[in-house]
2 protein chains.
Amino acid sequence: MQKKPYVLGLDMGGTNSVLGVVDARGHVLARTSIKTQAYPNINDYVNALYDEAIKIVDAVGGMDLIRGIGAGVPNGNYYTGMIEGAMNLPWQSVPFAQLMTDRFGVPCKITNDANAAAMGEMTYGAARGMKNFIMITLGTGVGSGIVVDGKVVYGHDGFAGELGHTCAVRGEAGRPCNCGKKGCLEAYASATGVARTAKEIIASTTKKTVLRNLDIDAITSKDVFDAAEQGDEVAKQIFDYTGTILGQQLADFIAFSAPEAIVMFGGLTKSGHWIKDPVEKAMNDNVLPLWRNKVQVLFSDLKEADAAVLGASALAWGD
Amino acid sequence: MQKKPYVLGLDMGGTNSVLGVVDARGHVLARTSIKTQAYPNINDYVNALYDEAIKIVDAVGGMDLIRGIGAGVPNGNYYTGMIEGAMNLPWQSVPFAQLMTDRFGVPCKITNDANAAAMGEMTYGAARGMKNFIMITLGTGVGSGIVVDGKVVYGHDGFAGELGHTCAVRGEAGRPCNCGKKGCLEAYASATGVARTAKEIIASTTKKTVLRNLDIDAITSKDVFDAAEQGDEVAKQIFDYTGTILGQQLADFIAFSAPEAIVMFGGLTKSGHWIKDPVEKAMNDNVLPLWRNKVQVLFSDLKEADAAVLGASALAWGD
């Protein structure tokens, strides 16, 4: 019997849920979406998703060609298939994987976004062929997916890999983080972390900088990048500060799982060498000598528009 | 065919190499030892070890009853079976696992001491039945063995799990560590780390303390324990300082692999609740809310005299 050639990938966000049909080479053959918040009842959500999905699935040959569904879901638990306590979703505790499996008639596995991203990179992206790497997603928050021996690390409860909430700055000097702790990596390397760093550095210097012309409360890493490209010293200082904190943390992560590479995805990576150089320097300055200059720092090579669907879909190919 | 009932465990130290015959319940049936440094040639070492081993093996029924050999070896690489660059050994680069396999006629696997300790706890000790835990060994140095999904994490190169060299104190304030870095956990939680903490705290206070009567350069955690038991406030302060730093690091380790428990072994654990209480407090104060008060802190329950041989032997049972 020929193996089924396609999988479905679902990227469930607080606003939109995007579903795509994906082949083994990582091409998204078709995609569709529904509004996540339009369905206060989870069964209505699953039915609406199925109704949309079946249109694009039929267009590629029908459900008989679909091996399974992988879903990247806020607070998704790989072990239990439950979504529990996700703040941005309408449902508080639902057996999502089971509901999807029942409705679609093919197996559904779920995980959180960062673990899905790691699966995506391993299956189709920058980590193809690697068995040990760490994925870091730099967005509104900082997420991580850790791959050891070809498998995502889920830990005892399914929630392993929260490296955004390791401590970058100890004690009272640490910035407050959304999680309630202080000094987490996320408070420095997320989009809001970079914006805060920009604000602090601009306020602390009298140097000329084009960034001073912008709304100080709305500065993005893109603004800082544009300034750096024009030779703006303050912009470079912002990347150096951010990259140093991130690189120091990576050095500790290496001591944990001895990865072949760190793969980064998200907003900050668009700043290219401006962020990569200080990250690599701090990582190598702070890592044990046995790993110095031996661990690659890579950026995702998945198209941004496809990455989340691809990552989720990667779960569905199975071991 | 009846399964072979015994394994050999080798604990290779810089001074002594101890080898024991071990059964499946973790009883050391017989043991012997040779001087590690007496054999500048590795073949002579392996031959001498075999000659001693065969005596105790014959006493329990002969090599036909031995399933294999596990060895805990400084700088031992599980993947390659090589010992490379171990400072305290006479040999700089030797295919130790292969030499042992050839001489003894049964498979030999090697790993480093801390990973062996983790295997020992999982097979015979405090972590029996656990699939996700982190072993921390507190001795001259601070070592670690990380178990994910029932397997020790070796990483890309075989050297994963160097948590003693994650950064506990950032920047110039960090104590110099033997590895060349500053602020490593090992510089605070090892035997010399505790001695240094004692020295610093005693020098910084005018409080009465029995520790002031001791040779300030030779204080051990046992001395500090004895003082704490007598109600010595300075001794308690030393444990609080050490336990807080260790507990903070554990919180970050939990964010990595979401273990069911942290298992600790070595000198400091003999101080019982004096060290455990501040460790648990700092760990729970600094961990993400989802793991607060959910991760056990355990001490090894293997007899100290047997632990290293047992840990090594656990490797030989296979998957």
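How are H5(A) and H7(A) oriented to each other: parallel, antiparallel, perpendicular or oblique? In this predicted model, the axes of helix H5 (residues 191–204) of chain A and H7(A) come within 10 Å and cross at roughly 130°. Angles over 145 degrees would count as roughly antiparallel and those from 65 to 115 as roughly perpendicular; H5(A) and H7(A) are therefore oblique to each other. The crossing in which H5(A) passes H7(A) is right-handed. On the H5(A) side, the contact is made by Val194(A), Thr197(A), Ala198(A), Ile201(A) and Ile202(A). On the H7(A) side, the residues are Val234(A), Gln237(A), Ile238(A), Tyr241(A) and Thr242(A). By class, the residues of this contact are seven nonpolar, three polar and no charged.

The corresponding pair in chain B was examined in turn. Helix H5 (residues 191–204) of chain B and helix H7 (residues 233–257) of chain B have axes that come within 10 Å and cross at roughly 130°. That angle makes H5(B) oblique to H7(B), and the crossing of H5(B) past H7(B) is right-handed. From H5(B), Val194(B), Thr197(B), Ala198(B), Ile201(B) and Ile202(B) take part. They meet Val234(B), Gln237(B), Ile238(B), Tyr241(B) and Thr242(B) in H7(B). Seven nonpolar, three polar and no charged residues make up the contact of H5(B) with H7(B).

The relation between the chains was considered next. Chain A is superposed on chain B by a rotation of 180° with 0.0 Å of shift along its axis, at an RMSD of 0.0 Å. This is the relation of a two-fold axis. Between the chains, 30 residues of chain A are in contact with 30 residues of chain B. Two elements of chain A, strand S9 (142–148) and helix H7 (233–257), give two or more residues to the side that touches chain B. H7(A) supplies the largest share of that side, five residues. Helix H7(A) thus has a part in two contacts, since H7(A) also meets H5(A). The side of chain A that touches chain B divides into 15 nonpolar, nine polar and six charged residues. Of the interface residues of chain A, 100% are also interface residues in chain B, so the copies meet through the same surface.

Within chain A, the assignment gives two domains: domain 1 (6–121 + 305–317) and domain 2 (130–300). Their C-alpha centres lie 29 Å apart. The contact between the domains involves 12 residues of domain 1 and 13 residues of domain 2. Helix H3 (residues 113–124) of chain A contributes seven residues, the largest share of the side of domain 1 that touches domain 2. That side of domain 1 comprises seven nonpolar, three polar and two charged residues.

Helix H3(A) also packs against another helix. The axes of H3(A) and helix H9 (residues 304–314) of chain A come within 7 Å and cross at roughly 85°, which makes H3(A) roughly perpendicular to H9(A). H3(A) takes part through Asp113(A), Ala116(A), Ala117(A), Met119(A), Gly120(A), Thr123(A) and Tyr124(A). H9(A) contributes Ala307(A), Ala308(A), Leu310(A), Gly311(A), Ala312(A) and Ala314(A). The contact of H3(A) with H9(A) has nine nonpolar, three polar and one charged residues.

Methods. Residues are numbered from 1 along each chain as its sequence is written. Chains are lettered from A and ligands numbered from 1 in the order in which they are written. This is a predicted model: local features need pLDDT of at least 70, side-chain atom pairs count only at pLDDT 80 or more; totals for chains, interfaces and linings use all residues. Copies are superposed by least squares on the C-alpha atoms of residues with pLDDT of at least 70 in both. Two residues are in contact if their C-beta atoms, placed from the backbone, lie within 7 Å. Axes are lines fitted to C-alpha atoms, for helices over the stretch in contact, and angles run from 0 to 180 degrees between N-to-C directions. Helices (H or I, at least four residues) and strands (E, at least two) are DSSP runs, numbered from the N terminus. Angles under 35 degrees count as roughly parallel, over 145 as roughly antiparallel, 65 to 115 as roughly perpendicular and the rest as oblique. A crossing is left-handed if the near helix is turned anticlockwise from the far one by less than a right angle, and right-handed if clockwise. Ala, Val, Leu, Ile, Met, Phe, Trp, Tyr, Cys and Pro count as nonpolar, Asp, Glu, Lys and Arg as charged, and the others, Gly among them, as polar. Domain bounds come from an automatic or database domain assignment.
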